[in-house]
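Here is a short tour of one protein model, written for someone who likes to check geometry against coordinates. Keep the viewer open as you read.

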Amino acid sequence: MTAATAETAFPKAVDICLDGVSKEFGNQVVVAPLKLEIRQGEFFSLLGPSGCGKTTTLRMIAGLEAPTAGEITIRGKSMAGIPIEKRPTNMVFQKLALFPHLSVFDNIAFGLRLKRVGRAAIRSRVNSMLETVKLEGYEQRSIAQLSGGQQQRVAIARALINDPAVLLLDEPLGALDLQLQLHMQQELVRIQRASGTTFVYVTHNQQEALAMSDRVAVMNEGRFEQVDTPLALFHRPASEFVARFMGQTNVLTGNVTSIEGDEIRVSASGLTFDVGAGARRSIGRKVVLSVRPERLHLGSHVGANAVLPLVRAVFQGTTILYTFGLPNGEELNVSALAPSDAVPAIGESVGLHWQRNAAIALEPANGG
Ligand SMILES: Nc1ncnc2c1ncn2[C@@H]1O[C@H](COP(=O)(O)OP(=O)(O)OP(=O)(O)O)[C@@H](O)[C@H]1O
Ligand SMILES: [Mg+2]
């Protein structure tokens with residue numbers, strides 16, 4: 001059997017395993033007991049708001065922080081008591097840890113020199129890394145003579161040059177301008193695929209996580225809300241928190257008014273939606289809905305699901321984000337491709353149309 005068929009026939013081996021790993025600082029629980037398996041060669045992201053415990057989780061994998069409880073295993077080996085330098089991991093930090101007195105070249109070459117790699121090999125590996133991070137011509141500059149974004153790219157090159165089994169990256173693109181960020185996202189994915197290195201990538205930017213990752217763990221207050229593929233997180237969020245975090249969505253609260261087969265009809269903020277019933281099969285039950293702006297469409301009053309006044313329209317380039325007023329004072333966002341001709345006027349009543357299953361039912365954020 002060839003490697004390729006073996007790869008498709010069997011799931012990839014588990015590379016990193018967290019078994020009940022938690023962290024407390026003083027009596028504050030920063031990371032609740034986590035269970036997680038990251039597969040070999042996976043691009044895995046930890047996504048969540050500031051302070052939710054992403055960096056702390058990454059630092060425990062790196063060996064910079066000891067878990068309060070639980071066990072971390074990498075490639076089948078327990079990491080308990082294994083110091084940073086003996087772990088098959090490298091880390092790119094949120095705050096850079098470059099050597100300010102060394103040149104760009106020497107910063108990148110540092111790990112290879114420690115391994116006593118020959119001069120010619122060092123030169124060629126560093127040059128190809130410089131090309132990868134688009135810093136050709138900067139090799140003799142000192143770190144102090146670089147912009148924040150350029151320093152960030154030196155840090156990425158330095159961490160990758162050793163070809164670690166696992167690369168841990170803590171918001172490595174945060175300091176870059178948007179265009180460079182988007183470019184580096186694609187570069188990182190390309191490098192990750194080419195090297196087969198397992199990436200654990202920390203970010204609070206949902207676009208970044210969706211664009212780059214095989215799977216994403218959405219973190220909230222030290223817990224995993226959902227661990228899933230980007231598509232599943234976007235289309236089947238398990239909770240209100242995940243739905244809100246995955247980009248702009250309308251969150252409406254309503255009640256079940258009727259049940260038909262596998263579907264329930266929900267009346268929310270004066271609008272009616274038919275959604276998959278799941279466990280919410282009783283009339284009158286409270287339901288929280290996520291309605292994505294792109295699932296709603298502008299049209300005529302005839303046959304409309306609702307006719308609502310336009311409150312504002314924001315031109316976003318490819319799309320326009322329309323905001324409509326609901327009878328109860330809430331607002332409803334609708335995203336549509338920007339037409340080249342006129343858009344409805346502010347205050348105008350517009351027919352809105354949607355299909356069955358335009359909404360999905362969520363678990364409320366407060367568990368109620
Ligand atoms: N050494 C420490 N001692 C005490 N509290 C800490 C320590 N390190 C982190 N914390 C706290 O733990 C919580 C999680 O911090 P962490 O750095 O893991 O968050 P994060 O998700 O990486 O946030 P950000 O996106 O802002 O980087 C925060 O409330 C933080 O204040
Ligand atoms: Mg952090």
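Let's begin with two helices: H5 and H6 are roughly parallel to each other, because angles under 35 degrees count as such. Keep in mind throughout that this is a predicted model. The angle between helix H5 (residues 148–160) and H6 is about 5°, and their axes lie 13 Å apart. On the H5 side, the contact is made by Arg153, Ile156 and Leu160. H6 contributes Leu180, Met184, Leu188 and Ile191. Sorted by character, the residues of this contact comprise 6 nonpolar, no polar and 1 charged.

**From the helix to the sheet**

H6 also leads us to a sheet, since the helix lies across S3, S7 and S8 and runs at about 135° to S3. Together with S7 and S8, helix H6 (residues 178–195) makes a right-handed β-α-β unit. The sheet itself is open, with 6 strands in the order S6-S7-S8-S3-S9-S10 and mixed pairing. Its edge strands are S6 and strand S10 (223–228), each of which pairs on one side only. On average, neighbouring strands here are turned by 15° against each other, direction ignored. Helix H2 (residues 54–62) packs on this sheet as well, touching strand S3 (43–47), S6, S7, S8 and strand S9 (215–220). The direction of H2 makes about 155° with that of S7.

**A closer look at S7**

Why can strand S7 be described as largely enclosed by the rest of the structure? Each residue counts as buried when its relative accessible area is under 20%, and 5 of the 5 residues of S7 (residues 166–170) are buried, so the strand is largely enclosed. In a regular strand the side chains alternate between the two faces of the sheet. Here Val166, Leu168 and Asp170 point one way from S7, while Leu167 and Leu169 point the other way, and all are buried.

S7 has a parallel partner in strand S6 (residues 89–92), with 4 bridges between them. Strand S8 (residues 198–203) also runs parallel to S7, joined by 5 bridges. If you would like to locate these pairings in your viewer, the table gives some residues that stand opposite each other, including one pair from another sheet that we come to next.

| Residue | Bridge partner | Strand of the partner |
|---|---|---|
| Val92 | Leu169 | S7 |
| Val166 | Thr198 | S8 |
| Leu168 | Val200 | S8 |
| Leu298 | Leu352 | S19 |

**The antiparallel sheet**

Another open sheet has 5 strands in the order S15-S19-S16-S17-S18, and its pairing is antiparallel. The edges are strand S15 (297–299) and strand S18 (331–337), each pairing on one side only. From one strand to the next, the twist averages 50°. S15 and strand S19 (residues 349–353) run antiparallel and are joined by 3 bridges.

One residue of the edge strand S18 is Ser335. Is Ser335 buried or exposed? The relative accessible area of Ser335 is 17%, and because buried means under 20%, Ser335 counts as buried. What does Ser335 touch, leaving aside its neighbours within four places in sequence? Its contacts are Pro293, Glu294, Leu296, Thr319, Ile320 and Leu321.

Key: Residues are numbered from 1 along each chain as its sequence is written. Chains are lettered from A and ligands numbered from 1 in the order in which they are written. This is a predicted model: local features need pLDDT of at least 70, side-chain atom pairs count only at pLDDT 80 or more; totals for chains, interfaces and linings use all residues. Side-chain values use heavy atoms; hydrogens and water are left out. Buried means under 20% relative accessible area, exposed over 50%, partly exposed in between (1.4 Å probe, protein chains only). Two strands pair if DSSP finds at least two bridges between them. A crossover is right-handed if, with the strands pointing away from the viewer, the path from the first strand over the helix to the second runs clockwise. Axes are lines fitted to C-alpha atoms, for helices over the stretch in contact, and angles run from 0 to 180 degrees between N-to-C directions. Contact means heavy atoms within 4.5 Å. Angles under 35 degrees count as roughly parallel, over 145 as roughly antiparallel, 65 to 115 as roughly perpendicular and the rest as oblique. Ala, Val, Leu, Ile, Met, Phe, Trp, Tyr, Cys and Pro count as nonpolar, Asp, Glu, Lys and Arg as charged, and the others, Gly among them, as polar.
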